[in-house]
Amino acid sequence: MKYFSILIIALVSLSAFAGNNQATDSVKIKMIFDRALSEHYGINNLKYLTKSIGPRVAGSKNSLLAIKWSKKTLETLGLDTVYVQKCMVANWERKKDEISTIKSRKLGSKKIDVISLGGSISTPENGIDSQIIAVDSISDLQKLGTEKIAGKVVFFRRPMDHTYFRPGKAYGSNSELRVRGASAAAKYGAVAVIVRSLTMIQNDLPHTGIMRYDTTQPRIPAFAVSTNSADTLDKWLLDDPKLSVFLKSTTIIGEDVESANVIGEIKGSLYPDSIIIVGGHLDSWDVGEGAHDDGAGIIHSMESLRILLESGIKPKHTIRCVFFMDEEMNQRGGRKYAELAKIKNEKHLAAIESDGGGFNPSGFGMDASDEKLARFQSWVTLFKPYGVREFTKGGGGVDISFLKSLNVPLIGLSNDSQIYFDFHHSANDVLENVHERELQLGSAYIAALIYLLDKYGL
Ligand SMILES: [Zn+2]
């Protein structure tokens with residue numbers, strides 16, 4: 001009986017403690033959200049990054065301006081340390097806008113909207129003028145064989161599957177056409193490829209993105225075509241299977257150049273050697289302004305540290321924001337960060353990445369052990385007042401993925417991604433398409449999660 005009473009008292013005081021903690025946490029988290037939603041620091045910085053600097057392909061002049069500006073901006077926040085971490089990056093550049101026209105003896109000619117894929121070689125100076133052949137998949141190429149494909153331009157016509165609830169899944173299932181399509185078609189003698197843009201929106205804007213050459217195949221130029229133009233191609237090919245296309249592009253692939261990740265940190269008061277990182281990528285494609293991809297992630301990372309500091313929250317662990325370079329092409333920044341973390345034997349409590357745009361957040365996903373996941377998921381109720389949907393198993397980001405081999409729990413910010421691919425890698429990824437409140441909710445979500453990670457660990 002005595003033990004029973006002690007047990008009851010212990011349980012009651014434990015739950016009172018948990019209740020108190022929860023109340024304190026709710027208050028702190030509200031403070032974080034209040035600040036995020038009522039200050040304009042985040043959107044003003046995104047404005048500078050997108051409008052005064054603009055698109056910033058890794059290795060470009062603009063990417064160097066972005067490094068300089070973001071370092072200087074971090075230095076104004078009152079962090080303990082700000083520094084750059086050098087890395088080499090490839091140097092691919094689009095020199096001129098692409099030109100393309102389809103030509104049919106029956107239907108006449110029509111301009112179509114195309115763009116070179118990232119990493120693609122140029123067409124010859126006089127362009128490419130060839131018959132076009134449509135396929136749905138890479139395996140279709142084998143069925144057609146060299147006889148049907150050699151000397152032609154292969155058009156990968158398959159649209160993204162609109163029935164997926166998560167557009168990212170549809171993107172993932174089509175992305176091999178963009179990434180591997182050129183070399184797969186070159187194997188059968190194709191002279192160029194055109195890939196339907198990886199988006200579900202119908203408009204005239206082509207969406208670029210990385211493509212890769214297989215070193216065993218000849219390199220051929222690779223393009224994306226807007227969804228409207230892809231539909232035109234489909235229609236015209238039905239009426240005239242002998243349809244031809246003219247394509248002209250001017251890109252250069254230069255020598256590797258020096259670039260850098262930009263890092264800022266708040267030193268932990270109790271455990272300075274245990275680090276929580278939050279990051280996004282500083283580079284973008286050369287069309288649009290890289291506002292959602294990944295200007296938003298840069299602002300989320302920068303804002304979460306600023307908000308914690310301004311709210312008077314003194315972290316026990318070191319909180320580090322990392323602006324990674326070169327996510328879009330070769331992830332040299334992410335690789336360099338992990339490589340140095342390993343050499344320095346750094347201990348990371350968790351790594352958070354935001355690279356899904358500045359949309360209304362819905363929660364987080366975490367890639368870690370079930371035990372850590374259970375703790376992480378117990379915090380979801382604290383986000384209920386802010387419209388959280390769920391904290392899911394599985395998540396992270398491309399840049400932080402290299403920390404997986406060091407057993408670092410990886411966390412990605414999740415958001416309402418229905419319209420992300422309307423903008424992604426296209427001329428529409430501009431500041432005007434980012435909503436300040438949605439952007440700032442993302443900053444607050446991350447700041448609140450860092451607060452909890454720092455307080456309770458994983
Ligand atoms: Zn991105």
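Before I show you anything, one term: a residue counts as buried if 20 or more other C-beta atoms lie within 10 Å of its own, as exposed if 12 or fewer do, and as partly exposed in between, with the C-beta atoms placed from the backbone. Please keep in mind that this is a predicted model, in which local features need pLDDT of at least 70 and side-chain atom pairs count only at pLDDT 80 or more, while totals for chains, interfaces and linings use all residues. Residues are numbered from 1 along each chain as its sequence is written. When I say helix or strand, I mean a DSSP run, H or I of at least four residues for a helix and E of at least two for a strand, numbered from the N terminus.

Let me start with helix 8, residues 332–343. Its buried residues are Arg 332, Gly 333, Gly 334, Lys 336, Tyr 337 and Ala 338, and these pack against strand 1, strand 8 (244–266) and strand 10, where a contact means that two C-beta atoms, placed from the backbone, lie within 7 Å. The expected span of a helix is 1.5 Å times one less than its number of residues, so the twelve residues here should cover 16 Å, and the end C-alpha atoms are indeed 16 Å apart. Lys 342, which belongs to this helix, is partly exposed, because 13 other C-beta atoms lie within 10 Å. From Lys 342 to Lys 314 there are 28 residues in sequence and 27 Å in space, taken C-alpha to C-alpha.

The two ends of helix 8 deserve a word about backbone angles. Most residues other than glycine have a negative phi, and most peptide bonds are trans. Gln 331, in the loop between strand 10 (317–324) and helix 8, has a positive phi near 55 degrees, and Gln 331 is buried, since 24 C-beta neighbours lie inside 10 Å. Just after the helix, Asn 345 also has a positive phi, about 55 degrees. Elsewhere, Asn 407 has a positive phi of about 65 degrees and sits in the loop between strand 13 (390–393) and strand 14 (410–415); this residue is exposed, because 9 other C-beta atoms lie within 10 Å.

Now to strand 7, residues 222–225, and a question for the room: are its faces covered or open? Both are covered, with Ala 222 and Ala 224 buried on one side and Phe 223 and Val 225 buried on the other. That fits the general pattern, since in a regular strand the side chains alternate between the two faces of the sheet. Strands pair if DSSP finds at least two bridges between them. Strand 3 (residues 114–116) is joined to strand 7 by three bridges and runs antiparallel to it, whereas strand 6 (residues 192–196) is joined to strand 7 by four bridges and runs parallel. Val 225 has Val 114 opposite it in the one pairing, and Arg 196 opposite it in the other.

Val 114 comes up again with Ser 100, a residue of strand 1 that is buried, because 24 other C-beta atoms lie within 10 Å. Leaving aside residues up to four places away in sequence, Ser 100 touches Lys 111, Ile 112, Val 114, Val 245, Phe 246 and Leu 247.

Strand 7 also helps to cover helix 6, whose buried residues pack against strand 1 (81–104), strand 5 (153–156), strand 6 and strand 7. Those residues are Thr 227, Ser 229, Ala 230, Leu 233 and Trp 236.

I will finish with helix 7, residues 291–310, which packs against helix 11 (residues 436–456) at about 50 degrees, with the axes 8 Å apart. Axes here are lines fitted to C-alpha atoms, for helices over the stretch in contact, and angles run from 0 to 180 degrees between N-to-C directions. The two helices are therefore oblique, given that angles under 35 degrees count as roughly parallel, over 145 as roughly antiparallel, 65 to 115 as roughly perpendicular and the rest as oblique.

Helix 2 (residues 41–53) comes within 9 Å of helix 7, axis to axis, at roughly 140 degrees, so this pair is oblique as well. Among the residues that helix 2 brings to the contact are Tyr 41, Asn 45 and Leu 49, and among those from helix 7 are Ile 298, Ile 299 and Met 302. One last detail in helix 7 concerns Asp 294, which is joined to Asp 293 by a cis peptide bond, with omega about 0 degrees.
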